[in-house]
Amino acid sequence: MPEVPASHADLLERPVFAHLATVRPDGSPQSSVMWFAWDGSRIRMTHTRTRQKFANLAHEPRVALSIADPEDQYRFLEIRGTVEKTEDDPGGKFYRTLQHRYGMDYPVTDADVRVVITIRPDRFVAVRSGAVVGREI
């Protein structure tokens, strides 16, 4: 498994937003801003079984994420990966964990259709000021 370039590892630890790109069944791209958690080897996100993003992932499990540094938008980490598994999120427990990570707390009204998406990174590309400063394949 590739390693995160040390210069950009903080972007996975901090509660910043990831732009998740998926491919729709007709081949067109779709991008969404998402919360995420990093466990040191996998990215975990939550979504619902009732939305287009879930259908996209079921059709094509390869994804790309872009995580920009909010203090320096010219510093970002690109992650290309594959959805390794999707599991139910009973009661929205993982969603609640992400809420707390991102400083939020509100009722999970769609807990019955929530899932946890686990992404295995296949490649990392670290960029600063338009230049690639680290690449792990």
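Select F76 to begin: setting aside neighbours within four places in sequence, F76 touches H8, L11, S66, I67, A68, V125, A126 and V127. You are looking at a predicted model, and F76 belongs to its strand β6. Colour F76 by accessibility and you will find this residue partly exposed, with a relative accessible area of 27%. Now add V125 from the contact list. F76 and V125 are 49 residues apart along the chain, yet their C-alpha atoms are separated by 8.4 Å.

**Stop 1: from V125 into β7 and β8**

Keep V125 on screen and look across to β8, where R135 is its bridge partner. Show the two strands together: β7 and β8 (residues 131-136) pair in the antiparallel sense over 5 bridges. Follow the chain around their hairpin, which has 2 residues between the strands, and pause at S129, whose phi is positive, near 50°.

**Stop 2: β4, on to β3**

Next, select T46 and find V116, its bridge partner in β7. They belong to an antiparallel pairing of β4 with β7 that is joined by 6 bridges. Is β4 enclosed or open? Of its 6 residues, 5 are buried, so the strand is largely enclosed by the rest of the structure.

β4 also pairs with β3, again in the antiparallel sense, over 2 bridges. Select W38 to see this pairing, and look opposite W38 for I43 in β4. The β3–β4 hairpin has 4 residues between its strands, and G40 there takes a positive phi near 100°.

**Stop 3: the aromatic pairs**

Stay with W38 and turn on the aromatic rings. How many aromatic pairs does a search of the whole structure find? There are 5 aromatic pairs. In one of them, the ring centres of W38 and F124 lie 6.2 Å apart with the planes at 85°, so this pair is edge-to-face. W38 in β3 and F124 in β7 are 86 residues apart, so to speak a link between distant parts of the chain. W38 is buried at a relative accessible area of 15%, and F124 is buried at 0%.

Now move to Y95 and Y106. Their ring centres are also given as 6.2 Å apart, with the planes at 75°, so this pair is edge-to-face. Y95 sits in helix α3 and Y106 in the loop between α3 and β7, 11 residues along. Y95 counts as buried, at 10% relative accessibility, whereas Y106 is partly exposed at 31%. Add F17, W35 and Y102 to the selection, and you have one aromatic cluster together with Y95 and Y106.

**Stop 4: helix α3 and two arginines**

With Y95 still selected, bring in R114: its charged end sits over the ring of Y95, 4.0 Å from the centre. Then select F94 and R44, where R44 lies over the face of the F94 ring at 4.3 Å from the ring centre.

Which residues of α3 are buried? They are F94, Y95, L98 and Q99. Look down the axis of α3 and these buried residues fall within an arc of 150°, so they line one face of the helix. Their cover includes β3, β4 and β7. Just after α3, check G103, which takes a positive phi of about 75°.

**Stop 5: helix α2**

Select α2 (residues 52-59), whose buried residues are K53, N56 and L57. Viewed down the axis of α2, these residues fall within an arc of 95°, so they too line one face of their helix. Show what covers them, and you will find β1, β2 (29-34), β4, β5, β6 and β7 included.

**Last stop: the nonpolar core**

Finish with the largest nonpolar core, which has 31 residues. Select F36, M45, L65 and I119, the residues with the most contacts inside this core. The elements that each supply at least two of its residues are α1 (10-13), β1 (18-23), β3 (37-38), β4 (43-48), β5 (62-69), β6 (72-88), α3 (93-101) and β7 (114-128). Which strand gives the most to this core? β7 does, with 6 residues. In soluble globular proteins, nonpolar side chains tend to be buried together.

Technical notes. Residues are numbered from 1 along each chain as its sequence is written. This is a predicted model: local features need pLDDT of at least 70, side-chain atom pairs count only at pLDDT 80 or more; totals for chains, interfaces and linings use all residues. Side-chain values use heavy atoms; hydrogens and water are left out. A nonpolar core is a set of buried Ala, Val, Leu, Ile, Met, Phe, Trp, Tyr and Cys residues joined through side-chain atoms within 4.5 Å. Buried means under 20% relative accessible area, exposed over 50%, partly exposed in between (1.4 Å probe, protein chains only). Contact means heavy atoms within 4.5 Å. The arc is that of the directions from the helix axis to the C-beta atoms. Two strands pair if DSSP finds at least two bridges between them. Rings of Phe, Tyr and Trp (its six-membered ring) pair if their centres lie within 6.5 Å; planes under 30 degrees apart count as stacked, over 60 as edge-to-face and the rest as tilted. A charge sits over a ring if NZ of Lys or CZ of Arg is within 6 Å of the ring centre and within 35 degrees of the ring normal.
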